[in-house]
Amino acid sequence: FLMAGYFYSIVSIDKSNFKKLDIDEIKEVELGIMDYIHNICKEKGINYSLAYGSLLGAVRHKGFIPWDDDIDVLMLRSEYNKFEATWKSYIEDNLDHYKLWPEMDEENYFMAYCAKFFDTDTILNEYFSKGKVVEYGVYIDIFILDHIPIDKNEQKKLFLDVRFYWKWSQHVQRHFKRWNKFIRKYQLPFPSLDMMANKLMERKNRYNRELTPFVSITQDYQKKKDINLSIFKYEWFHDYILTEFEGHKFPIIKAYDEMLKSSYGDYMQLPPKDQQIGHNIDAYWR
């Protein structure tokens with residue numbers, strides 16, 4: 001993927017002349033990114049919360065979980081839309097060393113799962129199963145919450161629809177690049193990335209105008225287990241408080257105890273040693 005003078009791909013580039021970052025340096029870069037995101041949100045009145053392991057780390061450790069190496073945040077769809085619009089407007093006239101991969105961006109390996117905000121002065125390799133390596137910068141994951149129906153069967157149908165179009169969007173994005181360009185150039189009504197992406201976003205946005213009592217990362221549906229680990233109460237995202245995180249102050253939802261219990265149970269109890277594992281990454285200064 002060629003973007004803004006940098007090359008991000010699943011093919012590793014030569015980093016022999018780059019300085020490798022240790023885990024503490026990676027965390028310092030992440031904290032710098034978080035300060036940057038926080039200042040944008042504070043200035044524009046955009047609500048967000050630390051999420052998942054970052055929320056747990058803030059509450060239990062006042063910072064990173066000792067074995068963790070990334071930061072996650074959550075935004076309601078309405079808040080994320082404001083954030084993305086603000087960023088796109090700002091970056092038109094500025095050359096900051098940050099980049100937003102929007103949720104529905106062709107360059108985004110995690111297409112439609114989350115947005116990524118990263119530091120372009122760094123390179124980060126993330127290693128996945130089956131030997132796949134993705135290369136970008138040290139990043140913050142922004143997970144986006146959409147409203148979902150109340151009925152469990154309707155929820156499952158929505159999750160399956162989202163999963164179907166998400167998988168197809170990824171497949172078409174990776175394997176039909178020339179076809180996508182041809183369809184877009186001549187605006188042909190044939191299956192393409194744009195068509196799959198539009199259908200996916202239609203599903204994800206279906207209940208947002210209703211402001212139903214539940215919100216979710218709709219892709220977080222575990223088909224084999226028939227569960228979604230990211231179903232939350234909408235009312236949890238009405239109130240936020242600032243909390244300490246590695247000497248910084250970032251917002252978390254006021255109902256953090258309810259969220260953490262729903263995700264982790266007795267969240268103050270440390271997991272077994274064999275579960276204290278970070279991500280499979282390495283990172284470098286350019």
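Over the ring of which residue does the charged end of Lys167 sit? That ring belongs to Trp166, and its centre is 5.1 Å away. A charge counts as sitting over a ring here if NZ of Lys or CZ of Arg is within 6 Å of the ring centre and within 35 degrees of the ring normal. Lys116 does the same with Tyr139, as the table shows.

| Charged end | Ring | Distance to ring centre |
|---|---|---|
| Lys116 | Tyr139 | 3.3 Å |
| Lys167 | Trp166 | 5.1 Å |

A quick word on the source: this is a predicted model, where local features need pLDDT of at least 70, side-chain atom pairs count only at pLDDT 80 or more, and totals for chains, interfaces and linings use all residues. Residues are numbered from 1 along each chain as its sequence is written, and side-chain values use heavy atoms, with hydrogens and water left out.

Now to the strand that holds Lys116. Strand β7 covers residues 115-119 (strands are DSSP runs of E, at least two residues, and helices are runs of H or I, at least four, numbered from the N terminus). Because five of its five residues are buried, β7 is largely enclosed by the rest of the structure; buried means under 20% relative accessible area, exposed over 50%, and partly exposed in between, with a 1.4 Å probe and protein chains only. Ala115, Phe117 and Asp119 point one way, while Lys116 and Phe118 point the other.

β7 has antiparallel partners in β6 (residues 98-101), over four bridges, and in β10 (residues 139-148), also over four bridges. Strands pair if DSSP finds at least two bridges between them. Lys116 stands opposite Trp101, and its bridge partner in β10 is Asp141.

Phe117 turns up again in an aromatic cluster, linked by ring pairs with Tyr36, Phe83, Trp87, Tyr90 and Tyr98. Rings of Phe, Tyr and Trp (its six-membered ring) pair if their centres lie within 6.5 Å. The whole structure has 23 aromatic pairs.

Over to helix α5, residues 177-186. Phe182 lies in this helix and, at 41% relative accessibility, counts as partly exposed. Lys185 is in α5 too, and with a relative accessible area of 62% it is exposed. The C-alpha atoms of Lys185 and Thr86 are 28 Å apart, with these positions 99 residues apart along the chain counted as their separation.

How values were computed. Rings of Phe, Tyr and Trp (its six-membered ring) pair if their centres lie within 6.5 Å; planes under 30 degrees apart count as stacked, over 60 as edge-to-face and the rest as tilted.
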